[in-house]
Amino acid sequence: MNGIHDMGGMHGMGPIEREENEPVFHARWESRIFALRRAMRPWPKYNGKANRYHIELIPPEEQLRLSYHAKFVVSVSELLVESGFATTEEILKGKPARRSPKLVPPLKAEQVPAFLAKGSSSRRAVAVEPLFKTGQSVRARNINPIGHTRLPRYARGKKGTVDRDHGVFIFPDSNVAGLGEKPQHVYSVRFLARELWGEQASPRDFVYIDLWDDYLEPA
Amino acid sequence: MDATRRGFLAAAGAAGAQDLAKAQDHDHNHQVVPSDPTLRVKALESLLVDKGLVDRAALDALVDTYEHKIGPRNGARVVAKAWTDPAYKQRLLASATSAIAELGYTGEQGEDMVVVENTSKVHNLVVCTLCSCYPWPVLGLPPVWYKSAPYRSRSVIDPRGVLREFGLELPEDVEVRVWDSTAEVRYLVLPERPTGSERLTEEALAALVTRDSMIGVANVVLPQTGERA
């Protein structure tokens with residue numbers, strides 16, 4: 001979707017504010033919502049990969065206003081309802097409805113190191129033919145999907161060169177929409193900064209964007 | 001916007017707002033619970049614990065991991081090893097995920113890694129314009145500025161200006177490569193080894209490597225130069 005989260009190239013966001021000796025979390029609630037969203041991942045029905053999309057659906061003025069972790073309070077709540085783990089009422093009350101079943105077993109503390117070390121790669125070991133090859137000229141398609149997409153607006157319609165083929169990955173656009181994983185190749189595509197931004201950009205600057213087969217056409 | 005999202009927003013809402021005063025002016029007619037994020041997240045946690053969906057000790061272990069065990073020291077060890085072991089550096093640049101795994105750093109948000117090398121002619125910078133993607137196993141969780149709108153919006157359109165803001169002026173003949181990591185691959189910058197560091201041990205070198213240098217917003221410098229790394 002053409003949302004406020006797609007920020008590449010925007011002006012007016014102000015200076016970059018850095019904090020010396022920044023703590024990993026600024027408040028206990030930040031660490032707890034962070035841990036909650038990781039701890040829910042092992043439940044197969046919980047579609048953690050849709051987290052980003054639920055953040056994108058937060059109205060733009062709220063997205064700009066909410067801190068990183070606060071946005072996850074909203075997206076985790078949404079995902080819990082969407083996946084049927086909790087009702088809106090339960091979430092707002094913080095208590096399970098009467099007679100709601102207790103689900104076991106959750107992720108245990110002793111399983112955490114192995115769980116984190118394994119991760120959850122979106123790479124898929126399936127034989128899918130690449131549509132493009134390294135060194136080939138490609139153009140990012142001019143598409144404006146209303147759902148989740150990883151094709152930034154600033155790249156659409158622009159010409160670049162395939163720098164490398166990362167292999168086969170789940171296609172987030174279809175996966176988040178519940179239309180299946182549709183695994184396909186992801187390439188790092190090298191764009192001349194001047195192709196993206198015009199003459200104001202340095203002729204020696206390049207932007208590399210990871211793009212799926214479905215985002216590209218031959219150029 | 002559906003009613004559910006409105007409810008959670010109002011609840012989380014003012015919550016993590018960066019500007020609380022502004023948040024209080026906001027029309028919160030759907031606000032049914034306290035806007036305090038502490039209470040909101042406590043309610044979520046106790047609900048999920050009561051339902052048997054999460055275990056408190058596991059939450060503690062997750063927090064402890066990222067507060068104390070996984071952080072930029074991991075990445076610094078990778079960089080120092082690459083600086084001192086040419087065969088390792090070759091493996092790191094050719095297939096980063098497995099080379100990083102040799103040092104025991106794997107998994108969550110680093111499942112598929114690429115390492116890009118800074119030289120006297122090429123400077124790399126990593127950003128995620130759509131989100132806040134970051135290589136957790138080697139750098140830990142990202143700082144607030146990395147997740148902020150100013151960094152995400154400007155890094156791709158004005159990388160040299162961003163670097164200048166971090167105190168790094170690049171000569172014009174240096175090629176800048178910005179890696180917008182919006183997909184599933186996570187990037188780590190291999191900074192240039194500082195001149196004059198030839199006699200330092202791998203361990204001493206690792207101590208010089210900063211988080212910022214592995215994102216690409218700084219170079220690694222020797223402490224006696226008095227510059228900020």
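A residue is called buried if 20 or more other C-beta atoms lie within 10 Å of its own. This definition is needed at once, for the account that follows concerns a predicted model and begins with a strand to which the term applies throughout. In strand 4 of chain A, which spans residues 205–212, 8 of the 8 residues are buried. The residues of this strand point in two directions: A:Asp205, A:Val207, A:Ile209 and A:Leu211 point one way, A:Phe206, A:Tyr208, A:Asp210 and A:Trp212 point the other way, and all are buried.

The partners of this strand come next. On the chain A side, strand 3, residues 184–192, is joined to strand 4 of chain A by 7 bridges, and the two strands run antiparallel. Within this pair, A:Phe191 stands opposite A:Val207. Strand 4 of chain A is also joined to a strand of the other chain: 5 bridges link it to strand 3 of chain B, residues 175–180, and here the strands run parallel. In this second pairing, A:Asp205 has B:Val176 as its bridge partner.

Strand 3 of chain A can in turn be followed to strand 2 of chain A, residues 159–169, with which it pairs in the antiparallel sense over 7 bridges. There, A:Asp165 stands opposite A:Tyr187 of strand 3.

These pairings belong to a wider arrangement. The strands form an open sheet of 7 strands in the order 5(A)-1(A)-2(A)-3(A)-4(A)-3(B)-2(B), and the pairing is mixed. Which strands stand at the edges of the sheet? They are strand 5 of chain A, residues 216–218, and strand 2 of chain B, residues 122–127; each has a single partner strand, so one side of each is left without a neighbour in the sheet. From one strand to the next, the twist averages 35 degrees.

The sheet thus contains strands of chain A and of chain B, and the contact between the chains may now be considered as a whole. Chain B contributes 82 residues to the contact and chain A contributes 84. On the side of chain B that touches chain A, the elements giving two or more residues include helix 1 (3–16), helix 4 (56–69), helix 11 (159–165) and strand 3 of chain B. Helix 3 of chain B gives the most to this side, with 11 residues.

Chain B also deserves a description of its own. Its secondary structure comes to 13 helices and 4 strands, and buried residues make up 54% of its 229 residues. Among the contacts in chain B with a separation of 6 or more, 65% are between residues 24 or more positions apart. Strand 4 of chain B, residues 186–190, is mostly covered, with 5 of its 5 residues buried. From this strand, B:Arg186, B:Leu188 and B:Leu190 point one way, while B:Tyr187 and B:Val189 point the other way. Strand 4 of chain B pairs in the parallel sense with strand 1 of chain B, residues 113–117, over 5 bridges; in this pair, B:Val114 stands opposite B:Tyr187.

Two helices of chain B offer an example of helix packing. The axes of helix 5, residues 72–84, and helix 6, residues 86–94, come within 5 Å and cross at roughly 125 degrees. How are the two helices oriented to each other? An angle between 115 and 145 degrees is neither roughly perpendicular nor roughly antiparallel, and helix 5 and helix 6 of chain B are therefore oblique to each other. Their crossing is left-handed. B:Val78, B:Lys81 and B:Ala82 in helix 5 meet B:Tyr88, B:Lys89 and B:Leu92 in helix 6.

Returning to chain A, the domain assignment gives domain 1 (28–118) and domain 2 (137–218). The centres of these two domains, taken over C-alpha atoms, are separated by 29 Å.

Finally, two residues of chain A invite attention for their backbone angles. Most residues other than glycine have a negative phi. A:Asn21 is not a glycine, yet has a positive phi of about 50 degrees. This residue lies in the segment before helix 1 (28–39) of chain A. Is A:Asn21 buried or exposed? With 4 other C-beta atoms within 10 Å, A:Asn21 is exposed. A:Lys182 likewise has a positive phi, near 40 degrees, and is found in the loop between helix 7 (172–176) and strand 3 of chain A. A:Lys182 has 16 C-beta neighbours inside 10 Å and therefore counts as partly exposed.

Notes: Residues are numbered from 1 along each chain as its sequence is written. Chains are lettered from A and ligands numbered from 1 in the order in which they are written. This is a predicted model: local features need pLDDT of at least 70, side-chain atom pairs count only at pLDDT 80 or more; totals for chains, interfaces and linings use all residues. A residue is buried if 20 or more other C-beta atoms lie within 10 Å of its own, exposed if 12 or fewer, and partly exposed in between; C-beta atoms are placed from the backbone. Two strands pair if DSSP finds at least two bridges between them. Domain bounds come from an automatic or database domain assignment. Axes are lines fitted to C-alpha atoms, for helices over the stretch in contact, and angles run from 0 to 180 degrees between N-to-C directions. Angles under 35 degrees count as roughly parallel, over 145 as roughly antiparallel, 65 to 115 as roughly perpendicular and the rest as oblique. A crossing is left-handed if the near helix is turned anticlockwise from the far one by less than a right angle, and right-handed if clockwise. Two residues are in contact if their C-beta atoms, placed from the backbone, lie within 7 Å.
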